[in-house]
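Colleague: I'm new to this one. Could you walk me through it, one question at a time?

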Amino acid sequence: DFDRAEDSAALLVAAKGAHGRWRIEALANGRPGELRTLDVSLTNLTLDEVQLVAGMRDPGFALSSPMSAQMNVTLGRDNRLAAASGRFAAGSGLFKLDDKDHEEAHIDQIEGTFEWNAGSRRFDLNRTVVRAGETRFAIAGSVTPPPAGEAAWQINGRVVERSIYGVERPS
């Protein structure tokens, strides 16, 4: 579905995917030369589906979990990112780094929030909780897009509260 008004547009796309029905909703408001907003909601997508839609290359890991996210983005009059925030979640699935020495790990759930830090030109990841069996830990950090003309993103993180680490391979 696509609905367009004088200074807004709404888009709804849904289809059957690897984890059942997925859905993308977007609402854009504003006019060129003014503040503009974009609200996006993604429901039940896989990492492969997100990469396909976004035209992303290999992120260096695989994740089979169904993912959902909500984002609110504001572009300034100069077309630069003025503000962005949102939340994300991944359900039960497998996680594996693209490293021959890394074993595939099952996760039960990941939930977190983020916001754009305009002064540092990075996304700050707020408390993000990872649950996997008896394991539970929370991390925070940042994701910095590459400067123009470069390809490498910078990712920094740290554990932010007491953690519980269960057995690696339960019997």
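Colleague: Which residue in the turn between strand 11 and strand 12 has a positive phi?

Modeller: Keep in mind that this is a predicted model. Strand 11 and strand 12 form a hairpin, and two residues sit between them. The one in that turn with a positive phi, about 60 degrees, is Gly-133.

Colleague: How many bridges join strand 11 to strand 12?

Modeller: Strand 11 covers residues 122-132, and it runs antiparallel to strand 12. One partnership to look for is Thr-128, whose bridge partner in strand 12 is Ile-139. The number of bridges joining the two strands is eight.

Colleague: And what stands opposite Ile-139 in strand 13?

Modeller: Strand 12 also pairs with strand 13, again in the antiparallel sense. That pairing runs over six bridges. Opposite Ile-139, in strand 13, you'll find Val-159.

Colleague: Is strand 12 mostly covered or mostly open, and how many of its residues are buried?

Modeller: A residue counts as buried when its relative accessible area is under 20%. Strand 12 has 10 residues and is mostly covered. The buried count for strand 12 is eight.

Colleague: What about the whole chain: what percentage of its residues count as buried?

Modeller: Let's start with the parts: the protein chain has one helix and 13 strands. Its C-alpha atoms fill a box of roughly 60 × 40 × 30 Å along the principal axes. Of the 171 residues, the share that counts as buried is 25%.

Colleague: Phe-137 and Tyr-165 have their rings paired; is that pair stacked or edge-to-face?

Modeller: A search of the whole structure turns up four aromatic pairs. For Phe-137 and Tyr-165, the ring centres are 5.9 Å apart and the planes are at 25 degrees. Planes under 30 degrees apart count as stacked, so this pair is stacked.

Colleague: How many residues apart are those two along the chain?

Modeller: Phe-137 belongs to strand 12 (residues 135-144). Tyr-165 is in the segment after strand 13 (154-159), so the pair links distant parts of the chain. The separation is 28 residues.

Colleague: Is Tyr-165 buried or exposed?

Modeller: The cut-off for exposed is a relative accessible area over 50%. Tyr-165 has 54%, so the residue is exposed.

Colleague: Which residues do ring pairs link into a cluster?

Modeller: We're still with the aromatic rings here, and the search found four pairs. Ring pairs make a cluster out of Phe-114, Trp-116 and Phe-123.

Colleague: Which strands are at the edges of the open sheet with the order 5-8-9?

Modeller: Three strands make up this sheet, and the pairing is antiparallel. An edge strand pairs on one side only. That description fits strand 5 (61-63) and strand 9 (105-107).

Colleague: What is the bridge partner of Phe-61 in strand 8?

Modeller: Strand 5 and strand 8 (residues 93-97) run antiparallel. Three bridges join them. The partner of Phe-61 in strand 8 is Leu-97.

Colleague: How much space lies in the second largest pocket?

Modeller: The lining has 17 residues, and among those nearest the centre are Asn-29 and Arg-31. Strand 2 (8-17), strand 3 (20-29), strand 4 (36-45) and strand 6 (67-75) each supply at least two lining residues. The space in this pocket is about 240 Å³.

Colleague: How many residues of that lining are nonpolar?

Modeller: The lining of the second largest pocket includes five polar residues and five charged ones. The nonpolar residues of this lining number seven.

Definitions and conventions
Residues numbered from 1 in each chain as written. Predicted model: local features only at pLDDT ≥ 70, side-chain atom pairs only at ≥ 80, totals over all residues. Heavy atoms only, no water. Phe/Tyr/Trp six-rings, centres within 6.5 Å; stacked < 30°, edge-to-face > 60°. Helix = DSSP H or I, 4+ residues; strand = E, 2+ residues; numbered from the N terminus. Buried < 20%, exposed > 50% of the residue type's maximum accessible area, 1.4 Å probe, protein only. 1 Å grid on protein atoms, 1.4 Å probe; cavity = no way out; pocket = protein on both sides within 12 Å on 5 of 7 lines; lining within 4 Å. Points joined across faces, edges and corners; volume = space filled by probe spheres on them. Nonpolar A, V, L, I, M, F, W, Y, C, P; charged D, E, K, R; others polar. Pairing = 2+ DSSP bridges.
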